[in-house]
Structures are given as C-alpha cells and as structure tokens.
Amino acid sequence: MAEAVVGLLVVKLGMALAKEALTFGGALLYKEAAALRRLFGKIRDSKVELESMQAYLQEAEQFKDTDMTTAIFVGEIRGLAFQIEDAVDELTYKLEEVKHRRGFAAKMKKRLKNIKTWRRLAAKLHEIEAKLQNAKRRKKDYSIGRSVSVAGSTNQGQALHFTKDKDLVGIEENRDRLIWWLTSGGDDGGDDDLEQRSSKVTTVWGMPGVGKTTLVAHVYNTVKVDFDAAAWVTVSKSYRLEDLLKKIAAEFSIAVDVTNIEMRGIAESIHNYLQGKKYILVLDDVWTARVWSEIRNVFPSSGCIGRFVITSRNHEMSLLATRESAIHLEPLQEHHSWLLFCKGAFWNNDDKECPLELQNLARNFIAKCQGLPIAIACIGRLLSCKPPTSAEWENVYRGLDSQLAKDVIPDVDMILKVSLEDLPYDLKNCFLHCAFSPEDYVLKRRTIMRQWIAAGFIREKGGYRTLEEVAEGYLAELVNRSLLQVVERNYAGRLKHCRMHDVIRLLALNKAKEECFGEVYNCSAAGAFSVVGARRISIQAENLEQLSRSGATHLRVLHVFKGYINVDLLMPILTSSNLLSMLDLQGSRINMLPNEVFNLYNLRYLGLRYTEIESLPEAVGRLQNLEVLDAFGAKLTYLPNSVVKLKKLRYLYALGSGEAYTIGSIGGVKVPNGMHLLAGLRALLCVKASPEFLREVGALIELRTFSVCNVRSEHSAYLSNAITKMSHLVHLEIIAAAENEVVQLEGVHLPRTLSWLGLSGQLDKASIPQLFSSWSYLNGLTRLQLAFSNIDEDTFSCLHVLRGLRFLELINAFEGKRLDFYAESLPKLRFLHIWGAPQLSEVRIAEGAMQNLIELWFGFCPELEFLPDGIEHLRALEKLRLVDTSEELIEKLRRQRDSDECSENEMKISHIRNVTVRLRHKRLLERIRCIFFA
C-alpha cells in the first residue's frame, strides 16, 4: 500500500508545482521570493525521487511479508511520504490564508511571517530527503536478497481444498449444473453429439473466498474418470506463458523435455497429445481473460472432446463461457451457513450440533460472515480448538471487530492481500475508502465517485475521458474483481448501488490501519481512541466520550455517519485540523456549521446532505479549494453571495426535501447574481428560476446535471437560450412554479447527450404533438418523467416516437380514460409507472408492444377496474404493482388468489413472478401469490 500513498502524493506534488507560476505572477518581496523558490525546488526534487520509487514499491508490496528488511524500508518510505504531504498541504493552506487577510497591512504582516514558514518547510523537505537517502542505504546494506519469487508469493493466496465430500454444503445445485455441462450429450446423436464433439468453456466466478475452487475441485474429482486426459492448473496472476504451457503439459503427463524445448514445441506436443481424446482442463484462479486468448489455440477443437473450466474472481471471465455456461457463485444461504459452521466448530462431535447456550453467539458469527464459506470455515476451525464456553467465544467475536480480524480469519486475509496486490495504486485508495462506510452500508455510485474525485484519487486519462468517466470505470472494476457487490442497477443496467461484504470490509479496515490510511471510531474498543497522527477518521458512534479530540493536525478526511451526534464535541478536531480536505456530516442533526469549518482552506468536499442546515454564512466563500458542496435534502432556501467565489466548485447540490407528487413543495434555493463565474460546474440542482439566473446559467457549458424549479411561462425564452448552450447535458429537470403553470418548451433545443428528462408542469396541449415529435432525434434519451403535463389519449400516442426509452413515469400527468400501446411501440421500455390518473379506466396493450417491459405500476387510478387488456403479451414482465386502483379490481384478485379455480385474470398474469396490491385507506398491502408463480 505504500505505493498507493506515494502515487497519490506524486499527483499532489504536481498540483503544487502548477501553482508555482501563479505564485510568482504577483509582486513578491525579495526574501519571500527567494524562500518560495527554494521551497518549490525541494518539492520538485521530492517529486522526481518518488516517481522513480513507485515501480519498486509496487513490486515490494508483494513480498514484504516474507522480507523484514523490505517491510521496514517500505514503512519508512510511507512515513516520509506522509511528512512530505504535510509540508505541501501546509504550503497550500498558507498561500490561501494570505488571501483572506483584510487590509494591506494585515496581508503584508502575514506574508513576512510566512517567509519563516517557507524556510522551515524547505528545511523540512531537505531533512526528509536526507532521511530517504539513509533509508535507501540501510536497505542496500542489510538486504540479503529475496529467496521468494514474486510469482511464488501469489501462491500464498491459494488455500488447500481437500474438503471431504460429506463436509460440502450448499453446492448441490451448482454441482449438478456443472456436471451436466461437462458430461452431457454425445449418446443420442444429432445436435447433442455435434456439441459433444466440440470444445466447451465453462466459467465459475465470484468474490474471493466464496468457494469457487472447492466447488470445481469436487466436480473435477467426480468427472475426471470419464475423460481420457485430465489436468488441473492454478494460474499465477503474474504468469509467464511458457511456464503455464509447461505446467499444462506436466499435468497432462505429456512426456516432453521442458528444459530443452521451445515454447512452440511444447504447444505442439500438447495439441498432438490431446488430438482424438476426450479431455478436461481446469484453469483455477485466472486473473485476466488474456490467459485464455493466449492458449486456446493450443488445444485441438475438431475430432476430439474438450472441456475447459475456468475459475476467477473477475466478472469479465464469465464472458468466455460457451452458451451461457457460467456460474456466478453467491454467498451461502443462512441455513447452509449454519450447517457449514456446525460442521467446522463441532467436527469432533457425532451429532455436529451447536449447544443451546452457544447458539446466539453462533448466529452472530454467521451473520458477520454473511455466507462467505471460507470465513465460516476459518471461524469454525478456530472455535473447534477453543473450550465451548460463552466467554471463550465472546473473546473470539470481539477479535473480529479489531485489528485481530486477520488472525481470526487468516485464509480470507491472505486472499484479500493477493487481491489488493493486483490493484493499481489509485484503485487501492478507492477500495479502502469504501471500507470506511458502516457495516452493510449501501454505497451510492454518484456519491462515492464525487468523494473519490475530491480526495484526489481520480486522474484524467489521456485527456479524452472526464474524471467522472474514470471514476465510474474504477467502480466497475472493483465490482468486476468482486471486491464490491452489486446491490442495484438502474433502468439502463448501469450500476446504481453497491456494498462491501462485511468480512472483506473487516480485513480492509485492518489493512487501512496497518498502512496508516485511516481508522473507524465505533466506540467498541477499550480505552481512549487517539486521533494523533490519523489521516482519515470515520465516526460511526454517537457517544464520543472515548474519542480523543486533540492533536488531529494530520487529519485529511472526517466522515460522520451518526445522526444524533453533538457536533460541538468535534470542535477541537476541527480547530486543529487545518489541513482537512474532506468533511462529510451527512445525516447529522445539525442546523448550523461551526465557524471553524470556514478556516479549512484546503477543504475540497463539504457534505451536508440530509442535515438540518438552514443557511450558510458569507464565510463559505473562503473555501476556495471547494469542489463539492452537497446540501441535498438539507433545509437551505438560499445560497450566500460569496458562493460565486468558489471557482473550483464542480458539484453544487442544494435541493430541500419536499412532499411527493406536489410541485409547490420542491425545495429549490435562491442563488446570487454571478453564477456564471462558476464555469467548472458539472452539476447544479435545484435552483429557483429568475430572469437574472437563467441569463447567467447559459455560461455554464460544462454542466452534465441541471435542475431548475419555480419556472414560469415568462422564463421560457431565457430557459431555452440557456439549455441550447449546454451541449454536454445528460440530466435535465424543469419544474414549474405551480401545477397549473404552463411551461413553454417549444423553443428549447435539447442536446443529443441528454439521457434523463424530467418535466413538472402543464404543457400546452395544442403543441404537445409537435413537442414530442421534435424529440425523436434524442436517441440517448432513456428516462422520461412527466408530471401535471395535461396529456390525453391522443397526445400520449405521440410519445411512441421515443423508441430508446427504458423508463417512463407519468405523475398526475394523464387525464384521459384510455391508454393504448400499439404493436412495436416503445421496444426498449423496461419500467412503466402511471401515477395519479383519476379517469383512467382502460389500458390496451397490443401484441408486440413493450416487449422488454419488466415492471408495470398503476397508482391512484380509482376507475381502473380491469387488468390491462393484452398484459399476457408482456412475456418479460416480472413485477405488477396496483396501488389504489379500483377496490373492485383488487378484491377480485385477492379472491381469485385464494380460490382453487383458475380464472381469466389468473391466466393473464400467470407469467408474472411478483404481483402486489395495495389499498391505503384500508391499510392493505399484499402480494398476490398463486400456484402459477415461479
């Protein structure tokens, strides 16, 4: 992890050096200029040295556990890197501090005082440079050479998989599928015989420790007797192609002189040996798809039967499977977890049963493991060596929440270590950052991306991808590597929410503490929790009595995850943490920020989401390094005039919480004049419209997300002008001042980049057909939300031109009696929500319409007495939800559910897995379950 610290620091040094020209651009005192010039020279020297060291540190990370000299050296480098970072951040802070002195005399006095600071920092960097050279000399003097190869170190991540068949739990279904794929066909002739005579690739993928190798080993040992030749090869993540081919030849028992034959000769020997045979090859723990692409042509594909099984923790490997022959191995279900735990903890008991007095603790262990087999097995094995008493088990359980976690579950720790070694340094920082959220916390894609960007973890790649695109790529890569789990994808299949498995999180936090990345305060440890030297702290407890609140001079990041926390108790931390760059108070019940916050000149992220903050003072303008101001869901009604001074601001969220389905309650904010100065803004929501603001906002051409409320008819020309200039816009929301306010959008030219469009307010009925037709060029428009739009039967049909829609939501927008969906209309639509259609009584769906629809909701449609005519044509439909439709329809479905007879309605919805009905005035919420449900 030291290379992650150094890599981040190199980026920061580059940013500091970029300020050099600006600093010397103004009039400087002679001594001031000399001191600064020397300081920037030292920064430049440090950057060159650290850049040269990065590659070495990445390699050293893989064997430092087996080489104490290297471990000590890497630790020294990390400590020195932190000292360099402190010096550079202090420089940034002091340069910013001078700007906020009022009056010529005060500024001059501060500049003269800073001359001593510049000299001190230059001397500090010179001292660090000497320490660095001494560390390198000691490393060279006392190093005795490495006896463990880098490639060999990765084998530490391989666990032993000699599991007895009777001890295997929860694999039955996947075992049977895998055996069928490997052995089916060939006996009846026809297509099956054709498939049997060809090669087939099967993949098993999943998070580290989920049991991929155990499953495949069991199946391999079961079926290999049916093959003429069988081989199992574990692929090193730093494999060499020649070595891999030699291992394959050896496992197939191919007689070749591997010492005197070239790689081509080995490949030919393998090919010739397997020709005409029925063979199976398992490639275990493959890290990249390149492995298969490099060796697949070695194996014969005609006149023989080839079966390949690839295991991997990376999702991309599943794409190699033949005809969807891929298994995504998930954590065990609760009852299987219990069986596995008991088999391990009580292996020496005949009944393998957990004593009654230990069952609650056993369930706590199982809950902590969240179905991860290797963790359950590790803990069970450990407990089997302990006396079966509550006191002993409680001691082990406490170790899971401390730095002892790696001792309790060492196999999982080793697997995570190998996964971390394989990550680029910037991805390591991103991964560890995710671990600082509470247990079972759902990570939101956009929030985590903004935090990564503000933390400096994300860099532009080649100038053709934005920071946001790079960040989203990193998030996808962590999911691909099974280090994060997908919780939810949005209507377009894009990652929306994810989480970190609790066992992985425990070990990641342990790693973060070892590497001085940061710590979590949860009030669980005995004694005081010191913040001295800490660089990142995540507060996950409301009781701060054990938190030592002084000496936080090195703190860079402070997250608060508890709502009812006394922020006044954090004042000493905020006072001493001048170099803080990220402050996240999301969900805290505070209504005013301490004044100390506005002296944090290095602050880049200020998270006030869902707080009680009602106003921000003018002092917020002092935070001129601020990139993210997130007050979404807070109680702000206006932004201070000084906000326009925040020239580095990239995201500005200030949307108050409002009542659903009403326009007047949308909590937009009033903004000052001068918003056009915030030229770097990527996101701005939600702002109250005014002629002045709409004239200025057109200058914000980098906007990707824009939300404006309180729009009136007379604003139309200004709004049209502004949106036409926003050529990168992806997400646009326009909210009228009132439900009866007509929003004139005929002159608005929407950018082709638009993906999400929300319109709340009446549309001019006469111009609706022309308006909807004018959007036909928006091929990227995937979500449309219309509210209070005054749409009827005829105008609704005009929406069918939007053939790329995946999500359509009408909220109090439809005033007609009948909805018609024609054949081949809305071919990509996946979600259709109709809310608040008081006259809707009939829905007709032609065969061929909405063939990809998976979710259909009708809410507050009291006249809807029948299921949609043609709903049986929606073969992809998975969810049907009826909320406050006619009571007659809902009661009819309930009665038919409880009846033994199969009605017409039952036949219509027999293919839908989830049908839910709700009547709010009767407090009724039920799922209609019938015998035909899957």
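Student: How many of the five residues of strand E8 (residues 495-499) are buried?

Tutor: In this predicted model, four of the five residues of strand E8 are buried, and the strand is thus described as mostly covered.

Student: Which strands pair with E8, and in which sense?

Tutor: Two pairings can be read here. Strand E6 (residues 443-444) pairs with E8 in the antiparallel sense, over two bridges. Strand E7 (residues 485-489) also runs antiparallel to E8, and four bridges join them.

Student: Which residues of E8 stand opposite Lys-444 and Gln-485?

Tutor: Lys-444 has His-497 opposite it in E8, whereas the bridge partner of Gln-485 is Arg-499.

Student: How many residues lie between E7 and E8 in their hairpin?

Tutor: The hairpin of E7 and E8 has five residues between the strands. In its turn, Gly-493 has a positive phi of about 85 degrees.

Student: Let us turn to a single side chain. Is Trp-393 buried or exposed?

Tutor: A residue counts as buried under 20% relative accessible area. Trp-393 is buried because its relative accessibility is 1%. This residue lies in helix H15 (residues 390-400).

Student: Which residues does Trp-393 touch, leaving aside those up to four places away in sequence?

Tutor: The contacts of Trp-393 include three phenylalanines, Phe-341, Phe-346 and Phe-365. Leu-358, Leu-361, Leu-383, Ala-362, Pro-387 and Pro-388 are also touched by Trp-393. As for Leu-382, its C-alpha lies 9.9 Å from that of Trp-393, with eleven residues of separation in sequence.

Student: How should one read a pair of aromatic rings, and how many aromatic pairs does the structure hold?

Tutor: Such a pair is described by the distance of the ring centres and the angle of the planes. The structure holds 26 aromatic pairs. One of them is formed by Tyr-279 and Phe-308, with 5.7 Å centre to centre and 75 degrees between the planes, an edge-to-face arrangement.

Student: Why does the pair of Tyr-279 and Phe-308 tie together parts that are 29 residues apart in sequence?

Tutor: The pair does so because Tyr-279 belongs to strand E3 (residues 278-284) and Phe-308 to strand E4 (residues 305-312). Tyr-279 is buried at 0% relative accessibility, and Phe-308 is buried at 2%.

Student: What geometry do Trp-292 and Phe-299 show as an aromatic pair?

Tutor: Trp-292 and Phe-299 are stacked, with 10 degrees between the planes and 6.3 Å centre to centre. Trp-292 is buried, with a relative accessible area of 9%, and Phe-299 is buried at 5% relative accessibility. Ring pairs link Trp-292, Phe-299, Tyr-279, Phe-308 and Phe-252 into a cluster.

Student: Where do Lys-278 and the charged end of Arg-609 lie with respect to aromatic rings?

Tutor: Lys-278 lies over the face of Phe-227, 5.1 Å from the ring centre. The charged end of Arg-609 sits over the ring of Tyr-653, at 5.9 Å from its centre.

Student: Finally, how many cavities of 30 Å³ or more does the structure hold?

Tutor: Rolling a probe the size of a water molecule over the atoms shows where empty space is left. The structure holds eight cavities of 30 Å³ or more, and the largest cavity has a volume of about 60 Å³.

Student: Which residues line the largest cavity?

Tutor: The lining of the largest cavity consists of Leu-732, Ile-734, Leu-745, Val-748, Leu-750, Leu-757, Leu-759, Leu-771 and Trp-775. Strand E18 (731-736) and strand E19 (756-760) are the elements that give two or more residues to this lining.

Definitions and conventions: Residues numbered from 1 in each chain as written. Predicted model: local features only at pLDDT ≥ 70, side-chain atom pairs only at ≥ 80, totals over all residues. Heavy atoms only, no water. Buried < 20%, exposed > 50% of the residue type's maximum accessible area, 1.4 Å probe, protein only. Pairing = 2+ DSSP bridges. Contact = heavy atoms within 4.5 Å. Phe/Tyr/Trp six-rings, centres within 6.5 Å; stacked < 30°, edge-to-face > 60°. Lys NZ or Arg CZ within 6 Å of the ring centre and 35° of its normal. 1 Å grid on protein atoms, 1.4 Å probe; cavity = no way out; pocket = protein on both sides within 12 Å on 5 of 7 lines; lining within 4 Å. Points joined across faces, edges and corners; volume = space filled by probe spheres on them.
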